[in-house]
Number of protein chains: 2
Amino acid sequence: MSDNFYKVQDKKYLMFNAKGFVEKSLEEIKSIVRDNKVVSACSGGVDSTTVTALVHKAIGQNLLAVFIDDGLRREGEPEFVVNILKSLGINTRFVDAKKEFLDTLKGKTDAEDKRKAFRDKFYKTLGRVLKEEGIKYLAQGTIAADIKETVQGIKTQHNVLEQIGIDPETYGYNIIEPLKELYKPEVRMVARELELPKEISERMPFPGPALSIRVLGEVTSEKIDILKKATKIVEEETKGIEAFQRFAVLHSDKATGIKQGKRLYGNIITVRVVKSRDAITAKAMEIPYEMLNKISKKITEEIPSVVRCLYDITDKPPATIEFE
Amino acid sequence: MSDNFYKVQDKKYLMFNAKGFVEKSLEEIKSIVRDNKVVSACSGGVDSTTVTALVHKAIGQNLLAVFIDDGLRREGEPEFVVNILKSLGINTRFVDAKKEFLDTLKGKTDAEDKRKAFRDKFYKTLGRVLKEEGIKYLAQGTIAADIKETVQGIKTQHNVLEQIGIDPETYGYNIIEPLKELYKPEVRMVARELELPKEISERMPFPGPALSIRVLGEVTSEKIDILKKATKIVEEETKGIEAFQRFAVLHSDKATGIKQGKRLYGNIITVRVVKSRDAITAKAMEIPYEMLNKISKKITEEIPSVVRCLYDITDKPPATIEFE
């Protein structure tokens with residue numbers, strides 16, 4: 001993704017002063033937290049990594065970054081995130097919760113039920129970690145779009161406790177959300193100001209509940225494995241294109257196909273590549289058919305159960321970027 | 001569709017002598033049927049209408065065409081077919097079996113179960129008509145591709161009784177299948193030779209079980225209504241393109257979207273447009289994005305429950321043309 005992808009001709013973002021924002025935030029964080037310890041749950045996304053780095057800059061070794069491995073991350077992602085955090089000199093704890101997340105998602109097919117189950121398990125896991133560590137402060141990467149969409153009732157963001165009527169006190173911690181008035185392009189400007197590696201500052205957005213909402217219907221470990229492979233192919237094959245998000249979705253519906261001359265009632269993968277500045281609206285990208293053909297061939301050849309690839313041609317609105 | 005769409009540079013089809021085929025078939029049909037009456041179940045597709053016209057040419061008023069309205073046809077289709085048959089001077093009986101077909105499909109979600117349920121209901125309905133009419137001969141539009149694919153186990157064709165091990169005798173009738181050695185381009189040449197209207201001879205193929213296999217998962221009348229609207233939009237918007245088939249599919253999976261500023265967990269429609277000569281292989285067409293955008297907009301605007309449109313980018317193989 002090129003450096004100036006977000007250097008758009010937009011007054012609002014050009015007027016944003018990332019340096020001033022960082023200075024002001026460091027003061028605020030210090031004045032709220034004082035000499036207490038803080039946990040920051042870092043998924044490796046732009047938002048949570050930026051807030052983690054910001055709090056780290058404010059309070060140094062008093063910050064503990066926590067990476068919860070929910071088993072729903074892209075291939076190689078857990079190692080990537082932990083390495084980045086270590087390279088930034090941030091205290092990091094890795095929590096293996098793969099089995100617990102799969103268990104909690106079992107049998108759930110409705111999009112909102114899945115998001116809620118994920119969020120619940122996420123906060124329970126995080127609450128356990130906070131208790132074990134004896135830490136009462138939690139930093140979160142909530143941004144303006146999360147709040148806006150939660151208020152409008154479009155989706156339940158797992159990191160906007162207050163908006164969805166959950167009292168942070170019931171989980172036993174205090175929330176710090178320094179990015180909550182920023183939009184995505186501004187968060188990236190802050191990430192650049194903090195000199196985070198490009199792999200983070202220019203990273204495409206990734207949903208809180210991770211791959212669980214890209215497996216339509218019930219989530220199983222087999223389905224997650226299929227989706228990981230498809231995701232990797234989509235990311236690799238479209239890397240020459242400047243997109244806001246590029247990903248694969250595994251349907252619960254099946255379709256007929258032919259593999260090795262025999263009928264196979266197999267899986268369907270949808271490819272989604274969108275342009276967007278702030279995730280509030282998005283445009284389905286008109287990527288070349290040559291590229292689509294290559295993706296379709298690779299996915300159906302390399303993943304035995306997949307017989308069909310679709311390309312999402314819907315803008316947001318009326319669709320959302322993600323499927324669930 | 002242009003006149004010479006099937007006048008491909010293919011020796012096999014260029015060597016086919018439609019005039020000779022018709023002459024030979026008329027003789028054969030007369031010698032088999034003699035002065036018995038024959039029923040031809042005519043769906044309005046190229047195959048069944050061609051065989052109906054062929055048998056009519058052979059035995060005239062001894063043929064009774066039967067149109068079974070299964071409630072799964074495209075918008076305006078039952079009226080269209082009955083009018084064509086009447087205009088050709090063919091005795092026609094219209095059978096309203098809409099409720100029976102919906103009932104038999106109720107609760108069935110597997111592709112093959114649905115095809116079997118459809119086929120069973122189709123033959124039971126046809127058997128009842130034959131009994132009521134006291135007719136023992138049945139003409140069918142089976143073509144070579146049906147037999148080839150049934151033998152390979154790719155799908156169960158509802159009009160290839162013997163291949164799938166159903167003894168025609170258990171249904172109580174004798175089968176006449178004059179087209180069973182022809183491929184689609186040859187059937188069209190026969191249709192032209194018989195001077196059928198272009199709306200028939202150049203008509204795109206339509207599956208035996210009709211829209212039931214384009215509603216993924218369980219079929220309901222509400223879903224059929226949604227699919228009929230989407231189908232009409234796809235057909236209208238792509239009519240400038242020379243395609244072998246163009247259609248819409250309604251998924252059972254749902255996806256999130258936004259309508260009138262509110263979250264809607266709504267329906268997904270896939271658009272499929274393929275090039276093919278004989279249905280044995282097919283190529284997903286690279287139709288212009290401008291057209292895809294217009295289709296996506298129309299479908300999501302005109303059908304309240306639909307929030308997302310996908311375009312099928314898979315060739316056959318590894319996909320089939322239809323989804324079930």
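# Briefing: a predicted two-chain model

B:E195 sits in the loop between α9 (184-193) and α10 (198-201) of chain B. The model shown here is predicted. Chain A holds twelve helices and nine strands. A rotation of 180°, with 0.0 Å of shift along its axis, superposes chain A on chain B. The points below go from single loop residues to the two copies, the core, the strands and the end of the chain.

**Two loop residues with positive phi**

- Most residues other than glycine have a negative phi.
- B:E195 departs from this: its phi is positive, about 60°, although it is not a glycine.
- B:E195 counts as exposed, because its relative accessibility is 69% and the cut-off for exposed is over 50%.
- B:A210 also has a positive phi, near 55°, and is a residue other than glycine.
- B:A210 lies in the loop between α10 and α11 (221-237) of chain B.
- Is B:A210 buried or exposed? B:A210 is buried, with a relative accessible area of 0%.

**The two copies**

- Two copies of a chain are related by a rotation about an axis and a shift along it.
- For chain A and chain B, the superposition has an RMSD of 0.0 Å, after a rotation of 180° and a shift of 0.0 Å.
- The two copies are therefore related as by a two-fold rotation axis.
- The same surface serves both copies: 100% of the contact residues of chain A recur in chain B.
- Which residue of chain A comes closest to the rotation axis? A:Y311 does, with its C-alpha at 2.5 Å.

**Chain A as a whole**

- Chain A has 324 residues, and 60% of them count as buried.
- Chain A exposes about 13,100 Å². Carbon and sulfur atoms supply 49% of that area.
- Take the contacts in chain A with a separation of 6 or more: residues 24 or more positions apart account for 76% of them.

**The nonpolar core**

- The largest nonpolar core has 95 residues.
- Residues of both chains are among those with the most contacts inside this core, including A:L126, A:I299, B:L126 and B:I299.
- A:Y311 and B:Y311 belong to that group too. A:Y311 is also the residue of chain A that comes closest to the rotation axis.
- What does B:I299 touch, leaving aside its neighbours within four places in sequence? Its contacts are B:A230, B:I233, B:V234, B:I269, B:V271, B:V306 and B:C309.

**Cysteines**

- How many disulfides does a search of the whole structure find? The search finds zero over all chains.
- B:C309 is in no disulfide: the nearest cysteine sulfur, that of A:C309, is 18 Å away. A disulfide needs the two sulfur atoms within 2.5 Å.
- B:C309 is buried, with a relative accessible area of 0%.
- A:C42 counts as buried as well, at 2% relative accessibility.

**Strands β6 to β9 of chain A**

- Strand β6 of chain A covers residues 245-259. The strand is mostly covered: 13 of its 15 residues are buried.
- β6(A) runs antiparallel to strand β7 (residues 262-275) of chain A, and twelve bridges join them.
- Along this pair, A:A248 has A:V271 as its bridge partner, and A:A255 has A:G266.
- The hairpin of β6(A) and β7(A) has two residues between the strands. There, A:Q260 takes a positive phi near 50°.
- β7(A) also pairs with strand β9 (residues 306-312) of chain A, in the parallel sense, over five bridges. In that pair, A:C309 is the bridge partner of A:I269.
- β7(A) pairs with strand β8 (residues 283-284) of chain A too, in the antiparallel sense, over two bridges. Here A:K275 stands opposite A:K283.

**Cis peptide bonds after β9**

- Most peptide bonds are trans.
- Where is A:P317 found? A:P317 is in the segment after β9 of chain A.
- The peptide bond that joins A:K316 and A:P317 is cis, with omega about -20°.
- A:P318 is found in the segment after β9 as well.
- The bond that joins A:P317 and A:P318 is a cis peptide bond, with omega about 10°.

Definitions and conventions: Residues numbered from 1 in each chain as written. Chains lettered and ligands numbered in written order. Predicted model: local features only at pLDDT ≥ 70, side-chain atom pairs only at ≥ 80, totals over all residues. Heavy atoms only, no water. Helix = DSSP H or I, 4+ residues; strand = E, 2+ residues; numbered from the N terminus. Buried < 20%, exposed > 50% of the residue type's maximum accessible area, 1.4 Å probe, protein only. Contact = heavy atoms within 4.5 Å. Areas by Shrake-Rupley, 256 points an atom, 1.4 Å probe, with all protein chains shown as cover. Core = buried A, V, L, I, M, F, W, Y, C linked by side-chain atoms within 4.5 Å. Least-squares fit on C-alpha atoms with pLDDT ≥ 70 in both. Pairing = 2+ DSSP bridges.
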